[in-house]
Amino acid sequence: MEKSEVRSIYLLAGFLVFAYALPFAVGVWTDSIFYDRQWLADLATVALSGLMQGGVYAMFAVGLTLIFGVMRVINVAHGELVVLGAYLTWVMFNMPEWLGIDVYVDPLLSMVVSLPLAFLLGYGIQKLLLNAVVGGPELTPLLITFGIGISLVNIVEWIFTTDYHTIPYEPDAIHLTASIAVGKNKVISFGMAFLISMSVYIFLKVARLGKAIRATAQNADVAMVCGINIYSIYMITFGLGAALAAAGGTLVSIQFGFNPETGLQYTVVAFAIIILGGRGNFIGALIGALMLGVIENLIAFMVPNGSAMVEIAAYGLMICTLLIRPRGLMGAKEG
Amino acid sequence: MAALLEIKNVDAGYGNIQILHQVSLHVKEKEVVCVVGPNGAGKSTAFKVIMGFINHMGGDILFDGKNIIGQRPDQILARGLGYVPQGRIVFNQMTVRENLDIGAYVERDKRKRLQSMEYVFELFPRLAERQKQMAGTMSGGEQQMLAMGRALMTRPRMMMLDEPSLGLSPRFVTEIFEKIVNLAREGLTIILVEQNAARALEISHRGYVLELGRNRFAGSGEELLNNEEVRRMYLGG
Ligand SMILES: Nc1ncnc2c1ncn2[C@@H]1O[C@H](COP(=O)(O)OP(=O)(O)O)[C@@H](O)[C@H]1O
Ligand SMILES: [Mg+2]
């Protein structure tokens, strides 16, 4: 590794330590830190739920990083696909009641339908709107996904209005000790996110199609002379990315409120994560997601009125990573 | 005998910029043909337009008697035309074995892929020793062998090699040329671009000289080696 490379990774690590220390410093400054058992237990609880939240973030960051890694397309509509997934889950959850049937649809079960639907949507978007412009100037596909995102917001708003929705799910808490507890829905979400990202990881590592996707990401021209139809790989990749976003949406729907405009927030979150982890890098996206989840919760916990400040975490991490080390923690060197 | 690959009066380029002007060449079955010419003459561009990577602006491209203009590279590969691009490009973050396996992506039958792999390992025993190594960590010569082995995985009828010896140590240059001769003996049809013109012409039946995107000379390997002008310009006197 070159010297400047090594220096930039130290700088980024240093910045991250600083970023994590900052909420503590604010906490000390505003006297909201108490060094008793109860406060430490609260801190552990907060860190833990941050980690759980990071798992959900990983879900959509992995999709975004996959799309970027394979096609160099910056999918600005990613958050909207997340919200679409949340709505699909909400619809299926409520469907029996609307139809007057007395069955309970587990929100997680709705993924059996929503993920294939999202896959088809992503596949279609790539086929009809993006395949023609991939490989050209990077701004073109970005603007197209921007348009797709706005259209999705409006369509969802037109159908569902701007009301907030939530899905009540497993409200109990799981107690690790008497005073450290975390919501059962969060644990289930995390487990689900872990399971899905690991499946995708293994698929990319060992399956023949997965290897073709990696080959295309590494060098599309050579992939073609290996007999890979890269356009079909592109459609599958966008489909997979959209399905992962929708999976993230389901997990969002069982713990947070959402409305058609929540998408932007998740786009930013996903961006911050893949820039921090390294654009196109799968493991980087997982690490970045967990880091962002934890720091957001630390801020909300220690900074007075902190929930208003949470969004700064994502923007801050993103901007500073771009300034310090644009390729992030694990990204490949560009050019 | 009809030519296996034939391009006639081909114009091609990047975007609107035309690089090739009325380029013609052909390769007969089991022939070894070499294309030489100064840097920037359009040799790689000629290969790229044959494989369907870049804008075709005019002329005919026939493989095995059939027009292949407008087809994607993976479709052309499936017809039996293998291609090893310039710059020994391998999938760095994959093992040697994975690189080879992906080389035969068009082959659905796993047994056949394994057979091809055996064949490649026989040809390049060094690759067999390094099956599990990450391709990015190998030496330049080994990567070139891997790139060639990968292109052989589909058992093509014909192979296009773009500067196979470029940037390799003398030992590897000799080895690569030996492999090319071996493949030719087995009956593979080969067209190659080489900076190492003298050496390449020695092993070729025929050769073409391209200059500024146009045909300049054509003839048997021997003729070109003995041609005054060609000697002066490309063979260092
Ligand atoms: N991707 C590209 N875009 C635009 N021009 C290119 C590209 N690749 C090569 N060229 C131009 O085409 C000409 C021929 O290049 P090339 O075929 O690579 O030459 P050779 O292989 O004979 O050295 C050169 O003038 C080069 O600058
Ligand atoms: Mg060249």
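Which residue stands opposite L210(B) in strand 10 of chain B? It's N215(B), and we'll come back to that pair after a look at the ligand. A word on the ground rules: this is a predicted model, where local features need pLDDT of at least 70, side-chain atom pairs count only at pLDDT 80 or more, and totals for chains, interfaces and linings use all residues. Residues are numbered from 1 along each chain as its sequence is written, chains are lettered from A and ligands numbered from 1 in the order in which they are written, and side-chain values use heavy atoms, with hydrogens and water left out.

Start at ligand 1. Its surroundings include Y14(B), I19(B), P38(B) and the run from N39(B) through G40(B), A41(B), G42(B), K43(B), S44(B) and T45(B), where being near takes a heavy atom within 4 Å. Helix 1 (residues 43–51) of chain B gives the most to this shell, with 4 residues; helices here are DSSP runs of H or I with at least four residues, strands are runs of E with at least two, and both are numbered from the N terminus.

Now for the close pairs of atoms. A backbone N or O atom of K43(B) sits 2.8 Å from a ligand 1 oxygen. On the side-chain side, a polar atom of Y14(B) is 3.3 Å from a nitrogen atom of ligand 1, and an N or O atom of N39(B) is 3.5 Å from an oxygen atom of ligand 1.

Back to the strands. Strand 9 (residues 206–211) and strand 10 (residues 214–220) of chain B run antiparallel, joined by 6 bridges; pairing takes at least two DSSP bridges. They form a hairpin with 2 residues between them, and L212(B) in the turn has a positive phi of about 45°.

Conventions:
Polar contact = N/O pair within 3.5 Å; in protein donor to acceptor, adjacent residues only side chain to side chain.
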